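Reader: I should be grateful for a close look at a single part of this model. Please then show how the rest of the chain is built, so that the part can be seen in its setting.

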Amino acid sequence: MFCPKCGKEVAEGTGVCPVCGADLNAGAVPLGEPVVVPVEPQGVPVEPQGVPVPQGVPVGGAAQPTPAYAQPVPAYAQPAPAASKKPVNKKLIKLICIIAGAVVAAIVAIIVIVAVSSKVNAEKFVNEKPAFTGVSGYGEVDYDSLYDYKGLEEALGKSKLYSSSAELNELVEAFGGIGLSNYIDVDVDKSDELKNGDKVTVTIKVDYDGINKLKFQKKLVGDEVITREYTVSGLEEPVSYDPFEAVTSVSYDATSYGSSKITFKDDYSKDLGNGVTVKLVKEEYGSYLQLTKDGENVGTINFEVDDEKFESTKKVVIKTYNDADDFSFQGVILSVLEKEFDPDLIEYLTKADTISDEEFKKLKAEADKKFKENYGDCKYKDCYFGTSSDAADGNGLYFVYSYKGFSDGKSFGYVYYQDLKTDKSGKIINIDDLYSYSNGYYDSIKDIEESLNGDWDSLSKVTLKE
């Protein structure tokens with residue numbers, strides 16, 4: 001409301017005007033209503049227009065003092081009409097906010113992309129599907145498949161220090177290694193004798209400082225230690241093979257300088273599947289099994305006889321020179337590496353009467369030829385067999401002949417076969433390989449007998465038929 005005296009705006013309910021001190025309870029003008037005050041010009045009575053005249057005051061009468069409330073109100077005391085407000089476009093404001101948010105997000109995204117694109121995470125190059133080689137039970141981890149070093153090098157971009165992989169190798173070699181693998185240590189908790197279903201834990205430690213010192217275009221980042229667990233799969237089930245299928249028997253030679261011998265099946269051959277074939281090969285120095293895969297030689301199986309315990313066990317052991325997994329990459333596992341045998345015992349012949357007529361005739365025919373070649377016409381006289389009290393000292397078989405000597409007299413000599421050996425069959429097993437020599441410088445058969453008696457503990461005459 002306004003003060004009727006001074007025209008100042010005062011708060012509603014105010015009793016006294018704080019400006020002029022007028023009593024506002026008598027006649028304050030409400031806010032928004034104009035106050036009309038009559039003005040009397042000098043000497044001209046004017047009838048007030050639009051202003052109530054107080055009761056008891058005649059119109060047009062003598063001039064009356066101007067009441068307090070009749071004071072003129074300045075023009076500015078009248079409140080101006082409120083200006084009309086322009087309606088707000090809320091959709092436009094919302095659109096502006098959306099556009100502004102998108103711009104900010106794009107700027108942030110660009111900053112993030114630039115920051116991320118300048119870095120390479122080492123974990124990205126860990127192979128999630130490593131390779132396993134061999135067969136189940138004897139499988140191995142292919143270390144080269146665990147981490148993609150080449151891919152990492154390409155992702156890091158060119159280095160300021162080198163321009164090719166060859167130069168990188170030379171550079172890293174100067175620091176004591178070859179390639180980026182020098183800075184990446186890959187460890188596997190179990191790397192061999194793997195079978196399908198096994199769990200393998202791989203731990204990868206990266207030397208970020210060492211790699212970043214090579215000044216690639218991008219920086220290598222990531223965890224210092226990267227761990228992965230893999231399940232072994234994809235290994236072929238192996239073919240089990242017993243190489244002793246090719247062996248028929250083994251002999252133990254109890255004689256001096258003797259050696260045990262393995263006897264194999266004649267023309268032995270077997271198809272193991274997986275493209276692998278086993279075949280017996282006989283050589284002058286011994287026999288062995290040759291393995292081929294798809295027509296190419298992939299290895300051999302060799303044998304040896306261990307007869308050290310024969311004296312106590314009367315048995316010998318045949319062993320292979322191979323390990324069970326020697327052919328695992330060809331899909332073959334050797335199921336047996338050694339086997340115990342009851343050997344055929346080979347000993348020196350101790351009794352002449354065990355020599356068969358056939359053996360006697362064969363040896364005599366060879367002796368006849370040998371003596372005749374050295375001394376001319378001759379005549380067979382007797383056969384002697386000498387042995388020692390120690391069976392290990394061997395034996396000797398002598399075919400004695402007479403011939404015409406150098407002084408037209410009769411002379412005597414013999415053909416000697418050394419160390420005849422026999423097995424449980426009683427046959428002379430080395431009949432084709434006997435060592436022999438001839439001696440023709442004796443004057444009588446008696447001289448020969450005396451000489452032989454000096455050589456052997458026992459000398460007997462062989463009475464076999466010619």
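Author: A polar contact is a pair of N or O atoms within 3.5 Å; within protein, one atom must be able to donate a hydrogen and the other to accept it, and residues adjacent in sequence count only if both atoms are side-chain atoms. Such a contact is found at Ser145, whose side chain comes to 2.7 Å from the backbone oxygen of Asp142. The model is predicted, so local features need pLDDT of at least 70 and side-chain atom pairs pLDDT 80 or more, while totals for chains, interfaces and linings use all residues. Residues are numbered from 1 along each chain as its sequence is written, and side-chain values use heavy atoms, without hydrogens or water.

Ser145 belongs to the loop that joins strand 3 (140-141) to helix 2 (149-156); helices (H or I, at least four residues) and strands (E, at least two) are DSSP runs numbered from the N terminus. The relative accessibility of Ser145 is 12%, and the residue therefore counts as buried; buried means under 20%, exposed over 50% and partly exposed in between, with a 1.4 Å probe and protein chains only. Leaving aside residues up to four places away in sequence, Ser145 touches Asn127, Pro130 and Ala131, where contact means heavy atoms within 4.5 Å.

Helix 2 follows this loop. Four residues of the helix, Gly151, Leu152, Glu153 and Leu156, are buried. Lys150 and Glu154, by contrast, are both exposed. Their side chains form a salt bridge at 3.8 Å from N to O, the term meaning a side-chain nitrogen of Lys or Arg within 4 Å of a carboxyl oxygen of Asp or Glu. The two partners are 4 residues apart in helix 2, about one turn of the helix. Just after the helix, Gly157 adopts a positive phi of about 80 degrees.

Two other residues deserve notice for their backbone angles. Most residues other than glycine have a negative phi. Glu193 is not a glycine, yet its phi is positive, about 50 degrees. This residue sits in the loop between strand 4 (184-188) and strand 5 (199-206), and its relative accessibility of 54% makes it exposed. Asp294, also not a glycine, has a positive phi of about 55 degrees. The loop of Asp294 runs between strand 13 (286-293) and strand 14 (296-301), and Asp294 counts as exposed because its relative accessibility is 63%.

Further salt bridges can now be considered; the whole structure holds 15. In one of them, Asp198 is joined to Lys190, with the closest N and O atoms 3.7 Å apart. Asp198 is buried at 11% relative accessibility, whereas Lys190 is partly exposed at 33%. Another joins Lys270 to Glu245 at 2.9 Å, N to O. This pair links distant parts of the chain, for Lys270 lies in strand 11 (residues 269-273) and Glu245 in the loop between strand 8 and strand 9, 25 residues apart. Both partners are partly exposed: Lys270 has a relative accessible area of 31%, and Glu245 has 28%. In addition, salt bridges connect Glu123, Glu128 and Arg228 in a network.

Next comes a sheet. It is open and mixed in its pairing, with 4 strands in the order 10-9-19-23; two strands pair if DSSP finds at least two bridges between them. Strand 10 (261-264) and strand 23 (421-422) are the edges, each pairing on one side only. Strand 10 is antiparallel to strand 9 (residues 247-253), with 4 bridges between them, and Ser251 faces Lys261 of strand 10. In strand 10, Ile262 and Phe264 make up the covered face, while Lys261 and Thr263 make up the uncovered one. In a regular strand, side chains alternate between the two faces of the sheet. At the other edge, strand 19 (residues 344-348) and strand 23 are antiparallel over 2 bridges, and Tyr348 has Lys421 as its bridge partner.

Gly234 lies in the loop between strand 7 (225-231) and strand 8 (239-241), and is exposed at 72% relative accessible area. Its C-alpha atom is 8.7 Å from that of Thr133, although the two residues are 101 apart along the chain.

Finally, the chain as a whole contains 7 helices and 25 strands. Of its 466 residues, 35% are buried. Among contacts between residues at least 6 apart in sequence, 57% join residues at least 24 apart.
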